[in-house]
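Thank you all for coming; I would like to spend a few minutes walking through one chain with you. Please have a look at it on the screen before I go on.

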Amino acid sequence: MEQCNHTCCYECIIRMMQSHLKNGIVQIKCFDRNCSFHLEETETINSLPFRSKERILLENKQFDEYLNQDENWIWCQNYGCTGGSYKTDGCHQCYKCLEILCECGYIQHEPYTCDAFSKFLANKNDPDNAEWKLQNTMPCPYC
């Protein structure tokens, strides 16, 4: 490691990084037990083989963190989807699952307004809502 001057072979560093990342440890520490130096995430990424699974996972994590900081980004609320879309006036489409998303960030909820829909979600366990659902909806014929 350059900053702390502790050395080991490249293959060992790569195997240690891959092992740590496989176990969810993103902050890579120096091999020396007495050293407190940690690699920056970009240094870790640049040290990993170009198309390795671990490098791709870290790059995706960095991109997700970037999107989380963007106030115009909305994550898709569709179950199991990890995509999203940039906010626009009105509805827009998730780039990954192609679900139509409302400007409020939820899956399209016509004919209800965003306000009415958010109130429904806030009270979705309310017995009155359960009764309304029984009277006004039916089970999906495909489930």
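Let me begin with a single residue: where in the chain is the place of H92? H92 sits in strand β3, and I should say straight away that what you are looking at is a predicted model. With a relative accessible area of 8%, H92 falls under the 20% cut-off and therefore counts as buried. Setting aside residues up to four places away in sequence, H92 touches I74, S85, Y86, K87, E99, I100, L101, C102 and E103.

Let me now step back to the chain as a whole. The chain holds five helices and four strands, and if you read along the sequence you meet them in the pattern α-α-α-β-β-β-β-α-α. What radius of gyration does the chain have, beside that of a compact globule of 143 residues? The globule would come near 15 Å, but the chain has 23 Å, and along its principal axes the C-alpha trace spans about 70 × 30 × 30 Å. Of the 143 residues, 26% count as buried, and the accessible surface comes to about 10700 Å², with 52% of that belonging to carbon and sulfur atoms. As for contacts between residues at least 6 apart in sequence, 25% of them join residues at least 24 apart.

Where, then, is the nonpolar core? The largest one has 14 residues, and the residues with the most contacts inside this core are M17 and F37. The largest share of the core, five residues, is contributed by α1.

From there I turn to helix α3, residues 53–69, where a simple check on length is possible. At 1.5 Å a residue, the 17 residues of α3 should span 24 Å, and because the end C-alpha atoms are 25 Å apart, the expected and the computed values agree. Which residues of α3 are buried? They are E54, R55, L58 and L67, and the buried residues of this helix pack against α1 (10–22), α2 (41–47), β1 (73–75) and β2 (84–86). It may help to recall that an α-helix has 3.6 residues a turn, so residues three or four places apart point the same way.

Within α3, I would like to dwell on R55. Its relative accessible area is 12%, so R55 counts as buried. Leaving aside neighbours within four places in sequence, R55 is in contact with I45, N46, L48, P49 and F50. R55 and T44 are eleven residues apart in sequence, and their C-alpha atoms are 8.3 Å apart in space.

The last part of the talk concerns the aromatic rings. How many aromatic pairs does a search of the whole structure find? The search finds five. In one of them, the rings of W73 and W75 have their centres 5.5 Å apart and their planes at 80°, and because planes over 60 degrees apart count as edge-to-face, this pair is edge-to-face. The two tryptophans fall into separate classes of accessibility: W73, at 11% relative accessibility, counts as buried, whereas W75, at 26%, counts as partly exposed.

W73 also pairs with Y95, with ring centres 6.2 Å apart and planes at 45°, so this pair is tilted. The pair links distant parts of the chain, since W73 is in strand β1 and Y95 in the loop between β3 (92–93) and β4 (100–101), 22 residues apart.

Is Y95 buried or exposed? With a relative accessible area of 51%, Y95 lies over the 50% cut-off and is therefore exposed. Not counting residues up to four places away in sequence, Y95 touches W73, T82, G83 and G84, and the C-alpha atoms of Y95 and C76, which are 19 residues apart in sequence, are 9.0 Å apart in space. Taken together, ring pairs link W73, W75, Y86 and Y95 into a cluster, and Y86 brings us back to the opening of this talk, as one of the residues that H92 touches.

Terms used:
Residues numbered from 1 in each chain as written. Predicted model: local features only at pLDDT ≥ 70, side-chain atom pairs only at ≥ 80, totals over all residues. Heavy atoms only, no water. Helix = DSSP H or I, 4+ residues; strand = E, 2+ residues; numbered from the N terminus. Expected span 1.5 Å × (residues − 1). Buried < 20%, exposed > 50% of the residue type's maximum accessible area, 1.4 Å probe, protein only. Contact = heavy atoms within 4.5 Å. Phe/Tyr/Trp six-rings, centres within 6.5 Å; stacked < 30°, edge-to-face > 60°. Core = buried A, V, L, I, M, F, W, Y, C linked by side-chain atoms within 4.5 Å. Rg over C-alpha atoms; globule rule 2.2 N^0.38 Å. Areas by Shrake-Rupley, 256 points an atom, 1.4 Å probe, with all protein chains shown as cover.
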